[in-house]
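Hello,

Here is the structure we talked about handing over. Please have a look, then read my notes below.

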Amino acid sequence: MAEDSDLERTEDPSPRRLEDARNKGQVARSQELVTFSVLMTGVVAMISLGGSMLEALKRIVSRNLQFDRATLGDMDQLLAHFSQSAFDGLMAILPFMASTAVAAILASIVLSGWLFTFEALTPKFDKLNPMTGIGRIFSVRSLVEMVKAVLKSSLIGGVAILTIWSEKEEVIQLIAMPPFESLAYLYQIVKFTLLVVVGSMALIVLIDVPFQLWEYKRNLRMTKEEVKQEHKESEGDPQVKAKIRQLQMQAARQRMMAEIPKANVIVTNPTHYAVALQYDEKKMKAPRVVAKGSFLLAERIIEIGRDSKVPILRTPPLARALYHHADLGEDIPTPLYTAVAEVLAYIMQLNHFKRHGGHEPELAKELPVPTELDPGGEA
């Protein structure tokens, strides 16, 4: 079943799956890179700082072998003496320890960046299952790790043997050299050998890093069904999205209908289109479309306007132009300012006539609606 499952996982991991794995502490790691970085940094630091550390340690040893009678007779002074020596020794090796620690941290984050999570500390009781442990022991990964360990030991051991064998004559000559001269020459041989042996681990790193990155992504590969399911979860179920759009349209329509009683006038086609306009000269720069609709929705707008006693005018060209070129909740287009101004002026005169009487106003039969804004008649 596991093999079938692996065969089905043919798709590369998605960004979401990679992010989830990262949040769980699952990132690509190369222990060989960390080991190489720490050892190489340690060797370089030892070569660079070895002289100063040796001198500091020599001073500490020399000072600890010399005591006066007052110090030997006072336990507090003796403890203070050794405490100072311990502190000096720590300060002497601190640069070496700090450099190797920094190398270990940088090598750990170079592949996957900085990651801080407590997920890896969460107890996982399935790891206590002996059958699971046996499965891990005889897994392909364990076989690869064993082969890698054998190759690593063979490579490092072979390089070390070849390096020392190539210097056998120099090592033999050390016997005839004066003690201090032989020690200095031996130090040069050991330094060169360490650099070559540790440097040979770079070949292992060059093989292990790409392998770890490949295996990390291989373990996170997805089946086609998982890709479809994740896409559905991220984009949303089409049925749910359609339902949400429907509810949004209903809510927008309810808000639109609630604005109709505030309109100054409703212009109609009369049955194809209906557009409700509102204008407040103190708050608005231009008349605004508060509702618009066609056919059944237009009839509903007219019905609400009639119940709310909003003036309704039959102006087909203006109604068509507003319906097609004016957005809901936005100001009317500039080319329609004149036509709408005549309509609003007519409504003001009509309201004045109803309140005070006098000469009944008449609306112009042809409003100045640009022909390019009129989509063209009842058709």
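**Nonpolar cores**

This is a predicted model. Its largest nonpolar core has 23 residues, and L277, L318, L322 and L336 touch the most other members. Four elements each supply at least two residues of this core: strand 1 (265-268), strand 2 (273-278), helix 13 (316-325) and helix 14 (337-356). Helix 14 gives the largest share, seven residues.

L318 is worth a look on screen. Beyond its neighbours within four places in sequence, L318 is in contact with V267, L336, A339, V340, V343, L367 and V369.

There is also a second, separate core. That one has 15 residues, including A276, A298, I301 and I302. As background, nonpolar side chains in soluble globular proteins tend to be buried together.

**S30 and helix 3**

Now to another part of the chain. S30 sits in the loop between helix 2 (15-23) and helix 3 (31-64). Is S30 buried or exposed? S30 counts as buried, because its relative accessibility is 4% and the cut-off for buried is under 20%. Leaving out residues up to four places away in sequence, S30 touches L111, D208, V209 and Q212.

Helix 3 itself is not straight: it bends by about 60° at L49. The span between its end C-alpha atoms is only 41 Å. A straight helix of 34 residues, at 1.5 Å a residue, would span 50 Å.

Best wishes

Terms used
Residues are numbered from 1 along each chain as its sequence is written. This is a predicted model: local features need pLDDT of at least 70, side-chain atom pairs count only at pLDDT 80 or more; totals for chains, interfaces and linings use all residues. Side-chain values use heavy atoms; hydrogens and water are left out. A nonpolar core is a set of buried Ala, Val, Leu, Ile, Met, Phe, Trp, Tyr and Cys residues joined through side-chain atoms within 4.5 Å. Buried means under 20% relative accessible area, exposed over 50%, partly exposed in between (1.4 Å probe, protein chains only). Contact means heavy atoms within 4.5 Å. The expected span of a helix is 1.5 Å times one less than its number of residues. The bend at a residue is the angle between axes fitted to the seven residues ending there and the seven starting there.
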